[in-house]
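Student: I would like a close look at one part of this model, taken step by step. Please keep to what can be computed from the coordinates.

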Amino acid sequence: MELEQVRNKVKAAAWQAIAQSGVNMTSLSSDDQNKLVDAITAQMLVVMDEVIGSDADDQLTRFADTGDEEQVLWKGRPLLSLVEYYVITSERIKVVRGLLGKDYENYELIRVQDIDFAQSVGERILDIGDIRIKGADPSHEEIVLRNIKNPHEVYELLRKAWLAARKKYGLIFREEM
């Protein structure tokens with residue numbers, strides 16, 4: 001189920017709980033009522049994500065070049081996901097999917113050609129977003145790290161790791177005009 005679908009179900013449940021509680025909300029304008037339910041929905045999504053938890057909880061680490069060893073720079077998972085998580089190392093991006101059976105996908109940083117991230121209004125409220133990675137891998141021209149926490153920080157960490165990997169292997173940027 002997509003995040004927007006989950007958000008809509010939680011929002012509908014909040015409205016239903018208010019209706020069943022018998023609380024008189026007529027003193028609030030409809031705009032204020034909507035703001036209240038939106039705030040409750042956002043907070044409930046955060047709490048649900050904390051309850052779900054995972055061994056792959058978001059962890060940002062400072063990027064430090066300590067030689068040729070591959071280091072884990074970040075681990076995280078999409079908001080409310082039990083079956084998917086991501087690992088960014090100094091060499092590659094790993095995407096692991098599955099609950100019982102696992103599907104592992106590795107994407108080498110030196111094959112990355114462009115990195116972007118985007119946030120919708122709702123995602124900005126929750127401080128989550130999507131990072132899109134385009135590259136020269138013919139099997140996966142684009143991968144998306146979906147609904148991750150602190151997307152700007154993860155984007156910057158990934159960008160620095162990407163530049164360091166290119167420098168390490170002597171690759172330079174060349175743009176066509």
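Which residue forms a salt bridge with Glu156, and how far apart are the closest N and O atoms? Please go on from there to the strands that the helix lies across.

Tutor: The model is a predicted one. In it, the salt-bridge partner of Glu156 is Arg159, with 3.3 Å between the closest N and O atoms. Both residues belong to helix α4, three residues apart, which is about one turn of the helix. Glu156 has a relative accessible area of 23%, so it counts as partly exposed. Arg159 is partly exposed as well, because its relative accessible area is 28%.

Helix α4 covers residues 151-168 and lies across β6, β7 and β8, running at about 170 degrees to β6. These three strands form an open sheet in the order β6-β7-β8, with antiparallel pairing. Its edge strands are β6 (112-118) and β8 (142-149), each of which pairs on one side only. Direction ignored, neighbouring strands in the sheet are turned by 20 degrees against each other on average. Between β6 and β7 (residues 128-135), the antiparallel pairing runs over six bridges. Val112 is placed opposite Gly135 in β7.

On the other edge, strand β8 contains Ile143. Ile143 is buried, because its relative accessibility is 6%, under the 20% cut-off. Beyond its neighbours within four places in sequence, Ile143 has contacts with Ile93, Glu105, Tyr107, Ile131, Arg132 and Ile133. Of these, Tyr107 is 36 residues away from Ile143 in sequence, with a C-alpha to C-alpha distance of 8.7 Å.

β8 also takes part in a salt bridge: the side chains of Arg146 and Glu84 meet at 2.8 Å, N to O. Arg146 lies in strand β8 and Glu84 in strand β3 (residues 84-89), so this pair ties together parts that are 62 residues apart in sequence. The two ends are covered to unlike degrees: Arg146 is partly exposed at 28% relative accessibility, whereas Glu84 is buried at 7%. Arg146 and Glu84 belong to a network of salt bridges that also links Arg97 and Glu105. Glu105 is one of the contacts of Ile143.

The whole structure has 11 salt bridges. Another one joins the side chains of Glu4 and Arg7, at 2.7 Å from N to O. Like the pair in α4, whose residues are three apart, Glu4 and Arg7 are three residues apart in one helix, here α1 (residues 3-21). Glu4 is partly exposed at 43% relative accessibility, while Arg7 is buried at 14%.

Notes:
Residues are numbered from 1 along each chain as its sequence is written. This is a predicted model: local features need pLDDT of at least 70, side-chain atom pairs count only at pLDDT 80 or more; totals for chains, interfaces and linings use all residues. Side-chain values use heavy atoms; hydrogens and water are left out. Two strands pair if DSSP finds at least two bridges between them. Helices (H or I, at least four residues) and strands (E, at least two) are DSSP runs, numbered from the N terminus. Axes are lines fitted to C-alpha atoms, for helices over the stretch in contact, and angles run from 0 to 180 degrees between N-to-C directions. Contact means heavy atoms within 4.5 Å. Buried means under 20% relative accessible area, exposed over 50%, partly exposed in between (1.4 Å probe, protein chains only). A salt bridge is a side-chain nitrogen of Lys or Arg within 4 Å of a carboxyl oxygen of Asp or Glu.
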